[in-house]
Amino acid sequence: MSDDYPRPHVLMMSEITVDGKLTLKRGVSSKILMKYMAPETEVLLHSTRAEYDAIMVGSNTIRIDNSFLTVRLVEGKGPIRVIPNSHADIPLESNVLGDDARTVIAVARDAPADRVAAIRNRGAEVVVAGEHRVDLPLLMGVLKEDYGVDRLMVEGGPTLNWHMLHHSLVDEIRLIHLPFIVGGEDTPSLVGGMQIGSEEEMIRLSLKRHYMCGSNLVTEYDVVYGDGGHVVP
Ligand SMILES: NC(=O)c1ccc[n+]([C@@H]2O[C@H](COP(=O)([O-])OP(=O)(O)OC[C@H]3O[C@@H](n4cnc5c(N)ncnc54)[C@H](OP(=O)(O)O)[C@@H]3O)[C@@H](O)[C@H]2O)c1
């Protein structure tokens, strides 16, 4: 983990097809794919949520999947739900703004005041982190210092995954492999937005565990960082 500044330990967890996709096609909810997870794997997902202090997904996942991000299927405390949403423009009727668990919406300083007020009226806490766009390293510091988040789980989507990896903010990756191929050139995959120029820029992982959970293969990796928390070239 980076020792540049305090931040939570971060696990990225995702359901993924054999061809590395997170959903059937662009704009479609991943809940369709998730229906094909083994019951044991659904329990794994929810028990992992219960082990973490906070869970974060991107604002587009909220728009498309309308996720609840709660702990179901197992006993346990619901993690704080964290959504980076620079302009406070997620729909006010989003499930994540319901009162099932504590919710933090991270916005940029120039987010419209009326939108911020409307989100607060729905019961969510609003954190300002960044000027024009949510500054993820800054947000990590706020979660750790002000919210006591020691362990954060990130459940996608691909754009948020990329920005977290790009800032060297991910420590572990856990993948639930679904035995399907969906294809599609622009179908969201585990990491979107990444375009590397050379092999030196590849993000290195170290496989630490693999096992069957019901009928699903699960793989667990550490992200390999060097001194100062940067990905090892
Ligand atoms: N299979 C799975 O496990 C799984 C899990 C989750 C999602 N999904 C799928 O993924 C798809 C959605 O993924 P997506 O890639 O479109 O969206 P996303 O990753 O859910 O959301 C995009 C996020 O990136 C933020 N962002 C953009 N640029 C940034 C920057 N420079 N710094 C910090 N944050 C930045 C945006 O926030 P702003 O509001 O601030 O712009 C937003 O929070 C859906 O189809 C969903 O079903 C699948």
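## Overall architecture

The protein folds into 6 helices and 9 strands, and the coordinates discussed here belong to a predicted model. Along the principal axes, its C-alpha atoms occupy a box of roughly 45 × 40 × 35 Å. The radius of gyration is 17 Å, which agrees with the value near 17 Å that a compact globule would have with 233 residues.

Of the 233 residues in the protein, 36% are buried. Among contacts with a separation of 6 or more, 71% are between residues 24 or more positions apart.

## Strand pairing

Strand 7, residues 172-178, takes part in two pairings that can be described in turn. With strand 1 it runs parallel, and 7 bridges join the two; within this pairing, Met 13 has Arg 174 of strand 7 as its bridge partner.

With strand 9, residues 216-223, strand 7 runs antiparallel, and here 6 bridges make the connection. In this second pairing, Ile 173 stands opposite Tyr 221 of strand 9. As a general point about such elements, side chains in a regular strand alternate between the two faces of the sheet.

## The nonpolar core

The largest nonpolar core holds 45 residues, and Ala 54, Val 82, Ala 106, Leu 152 and Met 164 are those with the most contacts inside it. At least two residues of this core are supplied by each of strand 1, strand 2 (54-56), strand 3 (80-84), strand 4 (103-107), helix 5 (136-147), strand 6 (151-154) and helix 6.

Leu 152 illustrates how this core draws on separate parts of the chain: leaving aside residues up to four places away in sequence, Leu 152 touches Pro 8, Val 10, Tyr 52, Asp 53, Ala 54, Met 56 and Leu 143. Ala 54, one of these neighbours of Leu 152, is itself listed with Leu 152 among the residues that have the most contacts inside the core.

## The ligand shell

The ligand is surrounded by 29 residues, of which Gly 58, Asn 60, Ser 86, Gly 156 and Gly 157 are the closest. Strand 1 (9-17), helix 3 (59-65) and helix 6 (158-166) are the elements that give two or more residues to this shell, and helix 3 contributes the largest share, with 5 residues. By class, the shell comprises 15 polar, 10 nonpolar and 4 charged residues.

Two of these elements also appear in the core: strand 1 and helix 6 give two or more residues to the shell around the ligand, and each supplies at least two residues of the largest nonpolar core. Strand 1 is, in addition, the parallel partner of strand 7.

How values were computed. Residues are numbered from 1 along each chain as its sequence is written. This is a predicted model: local features need pLDDT of at least 70, side-chain atom pairs count only at pLDDT 80 or more; totals for chains, interfaces and linings use all residues. A residue is near a molecule or strand if its C-beta atom, placed from the backbone, lies within 6 Å of it. Helices (H or I, at least four residues) and strands (E, at least two) are DSSP runs, numbered from the N terminus. Ala, Val, Leu, Ile, Met, Phe, Trp, Tyr, Cys and Pro count as nonpolar, Asp, Glu, Lys and Arg as charged, and the others, Gly among them, as polar. The radius of gyration is taken over C-alpha atoms; the globule rule is 2.2 Å times the number of residues to the power 0.38. A residue is buried if 20 or more other C-beta atoms lie within 10 Å of its own, exposed if 12 or fewer, and partly exposed in between; C-beta atoms are placed from the backbone. Two residues are in contact if their C-beta atoms, placed from the backbone, lie within 7 Å. A nonpolar core is a set of buried Ala, Val, Leu, Ile, Met, Phe, Trp, Tyr and Cys residues joined through C-beta atoms within 7 Å. Two strands pair if DSSP finds at least two bridges between them.
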